[in-house]
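Grab a pencil and work through a few short exercises with the model open beside you. Try each task before you read its solution.

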Amino acid sequence: MTILSPASKTSDGKRRHRTTVTAPMQDPFGRHISYLRVSVTDRCDFRCVYCMSEHMTFLPKKELLSLEELDRLCSVFIAKGVRTLRITGGEPLVRKNIMALFEGLGRHLKSGALEELTLTTNGSQLPKYAQQLRDAGVERINISLDTLKPDLFKAITRWGEFGDVMAGIEAAEKAGLKIKINAVALKGVNEHEIEDLIRFAHGRGADLTLIETMPLGDIDGDRTDQYLPLSIVRARLMDTFTMTDNPYRTGGPARYVTVEETGGRLGFITPLTHNFCESCNRVRLTCTGTLFMCLGQEDAADLRAPLRASADDADVSRAIDAAILRKPKGHDFIIDRRSAKPAVGRHMSVTGG
Ligand code: SAM
Ligand code: SF4
């Protein structure tokens, strides 16, 4: 069933695009698509060793969708059944005037069309933006933090300042944002710090999620040197902690346990050791308007052309429908010394982690 919402006017008198409201999106495997991740920039103020090379070539700024275009595309997805919207990047908070996007999208929270507006950030800009994010309706955020040692933090992020991220975490707490910490488990780097990260996160009432490195984009080095299977981490943690399976789900790939000693939740994202695709409910939009139906596959749909071709959202809505029908069953990540190339050429910062 298709319903056309009437064209309306914004508070500043501008005309909003007419949005086509359709039944919730469903892919060929019966999975409902209710989660959209949007990478609003491929740029970043850090250069994490597993994510980027030190000298990255970024997209020319003219290639990027404007914030108004991003708002329009997100709004079409919301009209088509997206309930959770995660803004990511690159580092989303380094995009100029990014708060205007959050403030604009906040109207969908107020109307009840959107259940959650959230973001993934390295935390460096949170001292500046935490309160504005909360005011825009953001309730929970993910902050990436791989180590508690300032020197190691510098080595991993290359350009990051540990103190800025700690100040960002404090600002987020002060603003009343619920925090989840994400840490990539890296062999020989932070593998013996996982217990400390658990205590740090749980001590602040935050969940911690551990992530395996994924073979996305060229970096300066060999990913096989970084890859640490979380099965090994989990087995080691069992020497110290009692972990009980926790049915908590966010619709995402993380599988959770409760750490009985801390009372906190610990998530594992294991794309390499366990394929997490059977319940995948998400698609990913890049800052140029390219829609990826799977983080680990190359197939994509261009939404920028239909978006710019017409002021009516019907064309872009049809392009989204066609793309969802091509959502693959899953990815084929493999980290293997025999294949020097990453499984997917684009970096995580392009597709949006
Ligand atoms: N800059 C923000 C941040 O770091 O949180 C958002 C974008 S970043 C690409 C999102 C997440 O992807 C981070 O938690 C980061 O650690 C993770 N990530 C980046 N490259 C990765 C890779 N190759 N494998 C696994 N996780 C990766
Ligand atoms: Fe930047 Fe996030 Fe990638 Fe680190 S993981 S380089 S903070 S985009």
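A residue counts as near a molecule if one of its heavy atoms lies within 4 Å of it. Keep in mind that this is a predicted model.

**Exercise 1.** Find out which residues surround ligand 2, then sort them by class.

*Solution.* Start with the cysteines: Cys 44, Cys 48 and Cys 51 are part of the surroundings of ligand 2. Next, add Phe 46, Met 52, Gly 90 and Asn 122, and the list is complete. Now sort them: the shell has 5 nonpolar and 2 polar residues, and no charged ones. For the sorting, Cys, Phe and Met go with the nonpolar residues, while Gly goes with the polar ones.

**Exercise 2.** How many residues surround ligand 1, and which are the closest?

*Solution.* Count the shell and you get 19 residues. The closest are Tyr 50, Gly 90, Thr 121, Ser 144 and Met 214. Gly 90 may ring a bell, as it also turned up around ligand 2. By class, the shell of ligand 1 splits into 6 nonpolar, 10 polar and 3 charged residues. Two strands, β7 (116–121) and β9 (178–184), each provide at least two residues of this shell.

**Exercise 3.** Look for polar contacts of Gly 90, Thr 121 and Ser 144 with ligand 1, then work out how much of the ligand the protein buries.

*Solution.* Use 3.5 Å between N or O atoms as the cut-off for a polar contact. Begin with Gly 90: one of its backbone N or O atoms is 3.0 Å from a nitrogen atom of ligand 1. Move on to Thr 121, where a polar backbone atom sits 3.2 Å from an oxygen atom of the ligand. Then take Ser 144, which places a polar side-chain atom 2.5 Å from an oxygen atom of ligand 1. Finally, the burial: ligand 1 on its own exposes 540 Å², and the protein buries 96% of that.

**Exercise 4.** How are the helices α1, α2, α3 and α5 arranged, pair by pair?

*Solution.* Two packed helices are described by the angle between their axes and the distance between the axes.

- Helix α1 (residues 67–79) packs on α2 at about 25°, with the axes 10 Å apart. These two are therefore roughly parallel, and their crossing is right-handed.
- For α2 (residues 98–111) and α3 (residues 126–135), the axes come within 9 Å and cross at roughly 15°. So α2 and α3 are roughly parallel too, in a right-handed crossing.
- α3 and α5 (residues 162–174) pack at about 20°, with axes 8 Å apart. That makes this pair roughly parallel, and α3 passes α5 in a right-handed crossing.

Notes: Residues are numbered from 1 along each chain as its sequence is written. Chains are lettered from A and ligands numbered from 1 in the order in which they are written. This is a predicted model: local features need pLDDT of at least 70, side-chain atom pairs count only at pLDDT 80 or more; totals for chains, interfaces and linings use all residues. Side-chain values use heavy atoms; hydrogens and water are left out. A polar contact is a pair of N or O atoms within 3.5 Å; within protein, one must be able to donate a hydrogen and the other to accept it, and residues adjacent in sequence count only if both atoms are side-chain atoms. Accessible areas come from the Shrake-Rupley method with a 1.4 Å probe; for residues, only the protein chains shown count as cover. Helices (H or I, at least four residues) and strands (E, at least two) are DSSP runs, numbered from the N terminus. Axes are lines fitted to C-alpha atoms, for helices over the stretch in contact, and angles run from 0 to 180 degrees between N-to-C directions. Angles under 35 degrees count as roughly parallel, over 145 as roughly antiparallel, 65 to 115 as roughly perpendicular and the rest as oblique. A crossing is left-handed if the near helix is turned anticlockwise from the far one by less than a right angle, and right-handed if clockwise.
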